[in-house]
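Student: Could you take me through one part of this protein closely, the place where its late helices pack together? I would like to know how they are arranged and which residues meet.

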Amino acid sequence: MARKQSFDEINFEKFSGRRRKPRGRQSIRQLSLLAEEPGRLDYEQTFRDGDLQSLYENGLINELLAEIKSGKEATVYLARGDHGLLAVKMYRDAELRSFGNDQLYREGRAIVDKRLRRAITGNTRKGRSARQGMWVAEEYSKLCKLHAAGLACPRPLAIAGRTIAMEFIGEDGDPAPRLADVSLSPPEAEQAFAQCMELVACMLACDCVHSDLSAFNILWHKQRAIVIDFPQMADFHLHPRAWYLLWRDVENLCASFARLGLIREAENVMELVNERARVLRWQQKSDGNS
Ligand SMILES: Nc1ncnc2c1ncn2[C@@H]1O[C@H](COP(=O)(O)OP(=O)(O)OP(=O)(O)O)[C@@H](O)[C@H]1O
Ligand SMILES: [Mg+2]
């Protein structure tokens, strides 16, 4: 058991959350304070990382168990909290991210503050950090909005800095596979495709276009398609190229399913999705009026 420290012995510099250098993908060991480390305070300090520490202090997580996957922009970890397992998505620091094509997704998102707008366009440090903040906040707010509307996506639990805590999709600590990683029988592929179209229509009925939809961002869990990875989500009415982004999502899905042997024409699918979104919108309205 770690020895409790007196106030004077604590190295606050270490816990201040101030960053000495930008952080990219980090191992669980780098993020956590181990029980035997000097400086660990029982019940008060468990994580070296400020975002994780904040989730811990707010009762969301107790420990990180494993790294689920590291992607282009973020690493997703399996964590344990008082109420079971959860997924923690931690973005790399702004300095270490490429922000590759985020210009396309930023269209249609108004930045009122002139100085901030200039910083973002000029790609200054402040600008990059603002882009990072917007990116993470966008993912969390869209998760909240769409989960509340009944979309099959992970339940959002909390946001802290560049980190999002959400429902873990999987069983006994094993994450659900991505649609891209499973082999489906023809009837299963039909069923999965119908569910994916329902996902697109449900997002559209909420005026959202995923904008990076493919079999890599859909998990297949207990015969259900669950969509993830929302930071680039576009507003259907505000984004000038919303139709293009919607078309691209539908085409990508058709291409993914073609690899599974299920052939569908993107044009027909677009029509069906739009029709279904109209019905869902109408249902939302009549639910709101009753
Ligand atoms: N809630 C979750 N439950 C279980 N696994 C998850 C969850 N969220 C994400 N994952 C896993 O983590 C991977 C990366 O997540 P996500 O796609 O959100 O991040 P990313 O950085 O955009 O990754 P990529 O660049 O691969 O798209 C997913 O492919 C999936 O395997
Ligand atoms: Mg992804």
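Tutor: Let's start with the whole model and then look at three helices, one pair at a time.

This is a predicted model, in which local features need pLDDT of at least 70, side-chain atom pairs count only at pLDDT 80 or more, and totals for chains, interfaces and linings use all residues. Residues are numbered from 1 along each chain as its sequence is written, while chains are lettered from A and ligands numbered from 1 in the order in which they are written.

The mean pLDDT of the protein (the predictor's confidence in each residue, from 0 to 100) is 85, and 82% of the residues reach 70 or more. Over residues 1-20, though, pLDDT stays under 50. The protein has 9 helices and 11 strands; these are DSSP runs numbered from the N terminus, with H or I over at least four residues for a helix and E over at least two for a strand. Of its 290 residues, 34% count as buried, meaning that 20 or more other C-beta atoms, placed from the backbone, lie within 10 Å of the residue's own (12 or fewer is exposed, and in between is partly exposed).

Now to your helices. Two packed helices are described by the angle between their axes and the distance between the axes. Here the axes are lines fitted to C-alpha atoms over the stretch in contact, and angles run from 0 to 180 degrees between N-to-C directions.

Take helix 7 (residues 186-205) and helix 9 (residues 266-289): their axes come within 8 Å and cross at roughly 50°. Helix 7 and helix 9 are therefore oblique to each other, given that angles under 35 degrees count as roughly parallel, over 145 as roughly antiparallel, 65 to 115 as roughly perpendicular and the rest as oblique. Their crossing is right-handed, which is the name used if the near helix is turned clockwise from the far one by less than a right angle (anticlockwise would be left-handed). Residues of helix 7 including Met197, Val200 and Leu204 take part in the contact, as do Val269, Leu272 and Val273, among others, in helix 9; a contact here means C-beta atoms, placed from the backbone, within 7 Å. By class, this contact has 11 nonpolar, 1 polar and 2 charged residues. Ala, Val, Leu, Ile, Met, Phe, Trp, Tyr, Cys and Pro count as nonpolar, Asp, Glu, Lys and Arg as charged, and the others, Gly among them, as polar.

Next comes helix 8 (residues 242-259), which packs with helix 9 at an angle of about 120°, the axes being 9 Å apart. That angle makes helix 8 oblique to helix 9, and the crossing of this pair is right-handed. Trp247, Val250, Glu251 and Cys254 of helix 8 make the contact with Ala266, Val269, Met270 and Val273 of helix 9. This contact has 7 nonpolar, no polar and 1 charged residues.

The last pair is helix 7 with helix 8, whose axes come within 11 Å and cross at roughly 170°. Helix 7 is therefore roughly antiparallel to helix 8. Ala189, Phe193, Cys196 and Val200 in helix 7 meet Asp249, Val250, Leu253 and Phe257 in helix 8, a contact with 7 nonpolar, no polar and 1 charged residues.

Putting the pairs together, Val200 of helix 7 meets helix 8 and also takes part in the contact with helix 9. Likewise, Val250 of helix 8 is in the contact with helix 9 and in the one with helix 7.

Notes: Contact = placed C-beta atoms within 7 Å.
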